[in-house]
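Please look through the structure shown below and read this report beside it. The text moves from charged pairs to aromatic rings, a helix, the nonpolar cores and the backbone.

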Amino acid sequence: MSQLPSRRAMLRTAATAAGAVVVGFDPIGRSWAAAATAADRADDALVGLPHLDGTLLTDDASLGAAADDFGHIVHRRPVAVLRPGSVDDVVAMVRFCNRHGLKAAPRGQGHGTSGQAQVDGGLVVETTPLARIGPVGPRSRTVTVGAGAKWSDVTRATLAHGLTPPVFTDYLELSVGGTLSVGGLGGQSHHHGAQVDNVTELQVVTGAGELVRCSPSRHRDLFEAVLAGLGQCAVIVSATLRLVKAPTTVRHYLLPYHDLGTFLADQRLLVTDGRFGYVEGQVVPDANGAFRGYVLEAVSYDAAPDDAALLAGLHHDAAGVQTEDLGYFDFLDRLAPSVAALKAAGLWDFAHPWLNLLIPGEKAATVAGGILDALTPADLGPGVVLLYPLLRERLHRPLLRAGRDPVPYLLAVLRTTPPQDTATVDRLLAANRTAFEATRAAGGTQYPVGSVPFGRADWRVHFGSAWPALAAARRRYDPRGILVPGQGIF
């Protein structure tokens with residue numbers, strides 16, 4: 001049921017006691033009088049609420065949490081947070097937002113880096129309660145899951161049947177709805193495409209408040225507009241995912257390189273001949289702090305891999321090769337100990353002005369090399385640099401923009417820096433923009449999970465030939481334009 005603790009009387013009393021002057025502050029630094037005004041606006045905005053199975057939160061802690069994200073750079077405070085008890089709650093509150101002119105945005109694990117799921121003065125819809133994982137279909141090789149389900153939980157459920165989603169981001173504690181809204185790239189993408197390429201059906205709540213099932217054969221325009229559509233047309237509430245047979249163990253290889261061109265060429269060879277089930281790579285600083293060390297990461301899903309055959313024709317430093325046999329889930333979840341250590345050290349709460357680019361393969365050495373030459377260990381902080389190829393022919397969703405090159409490379413500079421050092425954050429954001437412009441000039445684009453300053457004109461260029469279809473879907477399915485303003489697209 002609805003829960004609407006009004007703060008109006010409390011704040012007005014405090015302001016009156018202070019003589020209506022600014023003498024005290026609430027937890028986010030507003031005066032009591034200003035907070036009272038904001039509370040009035042909140043109460044006025046939330047008149048005539050529908051019945052809810054879940055809870056509508058307006059307390060400071062909930063609003064403050066929804067005004068932040070993993071980036072810890074952008075802060076936009078909503079007027080309320082919906083913790084739905086059912087899909088019907090999402091429908092009801094999106095319709096309410098339409099009637100009252102409020103913006104709205106879904107939020108999964110809050111892993112955005114630039115305020116993408118934040119709403120200034122609007123409604124944040126938590127998808128975490130929508131986490132049901134339906135029966136796994138051994139024959140259909142599909143599973144239907146709630147948008148708030150985490151990939152780690154989905155995988156545990158499907159592995160019980162010897163099945164697995166085919167593609168994973170490196171971090172498993174993200175929501176299904178969150179990654180499907182941006183694309184979902186990983187080391188398996190050269191075989192299976194992005195996560196959005198492995199969805200057979202969606203259930204969504206459109207911006208007009210309609211509950212709709214869509215698929216390649218049913219409301220296809222909506223299906224295509226939602227997958228990698230950055231939340232501009234509908235809120236994902238569930239998805240039916242394709243599954244494949246899961247390996248039980250894997251062999252994990254780390255291959256060191258000392259030359260960027262050789263590293264990129266060997267990666268390209270591996271994704272085009274498909275000998276490994278997983279291919280990624282990292283760039284690490286050398287003894288002088290220059291980012292000129294390269295580690296090719298590859299995984300064989302074969303039950304009895306032949307090392308000699310798998311490594312044939314590669315040009316790595318043979319003396320530095322590392323191999324390890326792991327359980328399949330242990331491999332997928334291999335970041336968990338590192339994440340726990342970052343949280344224990346307080347580094348998880350640092351700012352993350354991330355840079356994520358898709359660079360044409362033919363220009364990867366030049367563009368990535370220039371960006372890496374300008375990078376310092378201090379500017380990366382306790383972050384990582386990823387660099388690995390995809391196969392364009394495996395990427396089928398029109399809104400996942402990867403350029404035309406047959407082998408684009410994902411460059412991810414996952415920076416971490418103290419959030420209070422705003423001058424450094426601003427400088428790194430400016431560096432991100434410079435790196436993006438070099439990439440765009442070379443025919444590439446950004447993978448929109450990072451923190452690149454972007455305007456509406458940039459988004460039109462970003463979507464390119466797909467822009468008319470996205471704009472038409474926005475007009476049709478979110479005619480009042482209430483959804484996900486934090487992306488800054490419309």
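Arg77 is buried, because its relative accessible area is 15%, where buried means under 20% relative accessible area, exposed means over 50% and partly exposed lies in between, with a 1.4 Å probe and protein chains only. This is a predicted model, in which local features need pLDDT of at least 70 and side-chain atom pairs count only at pLDDT 80 or more, while totals for chains, interfaces and linings use all residues. Residues are numbered from 1 along each chain as its sequence is written, and side-chain values use heavy atoms, with hydrogens and water left out.

**Salt bridges**

Side chains of opposite charge can pair when their charged atoms come close. A salt bridge is counted where a side-chain nitrogen of Lys or Arg lies within 4 Å of a carboxyl oxygen of Asp or Glu, and a search of the whole structure finds 21 of them. The table gives three of these pairs.

| Pair | N to O distance |
|---|---|
| Arg77 and Asp60 | 2.8 Å |
| Arg83 and Glu126 | 2.8 Å |
| Arg334 and Asp170 | 3.3 Å |

Helices (H or I, at least four residues) and strands (E, at least two) are DSSP runs, numbered from the N terminus. The salt bridge of Arg77 and Asp60 links distant parts of the chain, since Arg77 is in the loop between α3 (60-66) and β2 (80-83) and Asp60 is in helix α3, 17 residues apart. Asp60 is partly exposed, with a relative accessible area of 28%.

In the second pair, Arg83 lies in strand β2 and Glu126 in strand β4 (residues 123-126), so the salt bridge ties together parts that are 43 residues apart in sequence. Arg83 counts as partly exposed at 37% relative accessibility, whereas Glu126 is buried, with a relative accessible area of 18%.

In the third pair, Arg334 is in the loop between α11 and α12 (336-344) and Asp170 is in the loop between β6 (163-164) and α6 (176-182), and the two are 164 residues apart. Arg334 counts as partly exposed at 23% relative accessibility, while Asp170, at 18%, counts as buried. Elsewhere, salt bridges that share partners join Asp197, Arg220, Glu224 and Arg397 into one network.

**Aromatic rings**

The structure holds 14 aromatic pairs, a pair being rings of Phe, Tyr and Trp (its six-membered ring) whose centres lie within 6.5 Å, with planes under 30 degrees apart counted as stacked, over 60 as edge-to-face and the rest as tilted. One of them joins Tyr253 and Phe276 edge-to-face, at 5.4 Å centre to centre and with 70 degrees between the planes. Tyr253 lies in strand β11 (residues 249-257) and Phe276 in the loop between α9 (260-273) and β12 (278-284), so this pair ties together parts that are 23 residues apart in sequence. Tyr253 and Phe276 are both buried.

Tyr278 and Phe331 also form an edge-to-face pair, with 5.0 Å centre to centre and 90 degrees between the planes. This pair links distant parts of the chain, with Tyr278 in strand β12 and Phe331 in helix α11 (residues 328-332), 53 residues apart. Tyr278 counts as buried at 1% relative accessibility, and Phe331 counts as buried at 0%. Phe436, Phe454, Trp459, Phe463, Trp467 and Phe490 form one aromatic cluster.

**Helix α17**

Trp467 is also one of the buried residues of α17, together with Leu470, Ala471, Ala473, Arg474 and Tyr477. Seen down the helix axis, these buried residues fall within an arc of 160 degrees, so they line one face of α17; the arc is that of the directions from the helix axis to the C-beta atoms. On the other side of α17, Pro468, Ala469, Arg475 and Arg476 are exposed. What covers the buried residues includes β7 (199-206), α8 and α16 (456-463), where contact means heavy atoms within 4.5 Å.

**Nonpolar cores**

A nonpolar core is a set of buried Ala, Val, Leu, Ile, Met, Phe, Trp, Tyr and Cys residues joined through side-chain atoms within 4.5 Å. The largest one has 110 residues, of which Leu180, Leu202 and Leu241 touch the most other members. Strand β17 (residues 409-414) supplies the largest share of this core, 6 residues. Apart from it lies another core, of 31 residues, among them Leu52, Val79, Leu82 and Leu102.

**Backbone**

Most residues other than glycine have a negative phi. Ala228, in the loop between α8 (220-226) and β9 (234-242), has a positive phi near 65 degrees, and at 2% relative accessibility Ala228 counts as buried.
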